[in-house]
Each structure stands twice: as C-alpha cells, then as structure tokens.
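User: I am new to this structure and would love a close look at its aromatic rings. Could you walk me through them?

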Amino acid sequence: MEQKHNIIIEQKHRGLVYLFLLLFIGCVDINSDGDFRSRVFTSTNGENIYINTLNWGVTYDKQFTVLTKDPNELRKREDSLFAIKGLEPFVYRFENDTLQIISLEKINIHETFQTIKIKFSVVGNIEYGKIQDSIRQGRSKYRLLSNY
C-alpha cells in the first residue's frame, strides 16, 4: 500500500515539473535575437566608433561584442562574424580621440578609423580582476560593458 502511495506522489510531482517546464518555455522568446546595446564615441573630427553588444540566453549570459563604424552591426546574431565572444571581454575608456581597451587577450578589429586611435593593453587574470573591482567601486575612469 505504501509503495502505491509513493508512486501516486511521484506522478503528481512529475506533472508539476512538466507544467513548470511548459510555462517556462512559453515565457522564453526562442526567436528573439536578444538584448542589443550600442555605445557611440565621437572624435573631435566627427568620426564615430560604436561598441555594440548583443546578449541572449535564458539569463542573458551569452554575449557578442564588436567595435565598429556601423551602429547596427550585431543587431542580429547572424552578424557575429567579427564579434568577440564572452561576457565582459574588455574594459574601456574614451578620451582625447583614443579608445583605450584593457583585456585578457588581443582583440582584432576588422575596420580602420581615420581620427580615432585604439590602444590595447593585455593583462593577466589577477590584474584584470583588480581593474574590474576598481571600476565597480568607482575608482577608475575605465568602464565595464555592462555599465551602459
């Protein structure tokens, strides 16, 4: 009798799990291209550089980032040919027509700019973590990509 009672309880729980999954899947827009963000910086001569990011996934934990002249590049995941993959692939600051980037590895840019200079600094994990912490504490001129 007890075993029969346990089977009935397991079936009820299984039904709740299925119901939860159906409700959860119904809330996720599978066809969505994600959350697109674009940050523009303009040189003193009027040239623009955009940092475009696209996040997607259930918790938006997947990210592409691109440095470009095109404000719409990466609006869709299919545009990701030149994108940098990963969350927070670099920190940056724009000052005196120079985009300064600090990252864990060299970043390739597929476009050239006439009046905007791009300066890269590649650092190790520990130093990068310290830089991110100083940004979060408001002690740095650099910015995180998530701080749009």
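Analyst: Happy to! Let us begin with Tyr 92, which is buried, with a relative accessible area of 0%; keep in mind that the model is predicted. The ring of Tyr 92 pairs with that of Phe 41 in an edge-to-face arrangement, with 5.7 Å from centre to centre and 65° between the planes. This pair is counted as edge-to-face because its angle of 65° is over the 60 degrees required. Phe 41 belongs to strand 1 (residues 35-42) and Tyr 92 to strand 5 (residues 90-95), so the pair links distant parts of the chain, 51 residues apart. Phe 41 is buried too, at a relative accessible area of 10%.

These two rings have company: ring pairs link Phe 41, Phe 90, Tyr 92 and Phe 94 into a cluster. In total, the structure holds 4 aromatic pairs.

Another of the pairs joins Trp 56 and Phe 64, with centres 4.8 Å apart and 55° between the planes, a tilted arrangement. Trp 56 counts as buried at 13% relative accessibility, and Phe 64 does as well at 11%, because buried means under 20%.

One more ring has a charged partner: the charged end of Lys 69 sits over the ring of Phe 113, 5.5 Å from its centre.

To place these rings in the whole, the chain has 2 helices and 8 strands, running α-β-β-β-β-β-β-β-α-β from the N terminus. Of its 148 residues, 32% count as buried.

Key:
Residues numbered from 1 in each chain as written. Predicted model: local features only at pLDDT ≥ 70, side-chain atom pairs only at ≥ 80, totals over all residues. Heavy atoms only, no water. Helix = DSSP H or I, 4+ residues; strand = E, 2+ residues; numbered from the N terminus. Buried < 20%, exposed > 50% of the residue type's maximum accessible area, 1.4 Å probe, protein only. Phe/Tyr/Trp six-rings, centres within 6.5 Å; stacked < 30°, edge-to-face > 60°. Lys NZ or Arg CZ within 6 Å of the ring centre and 35° of its normal.
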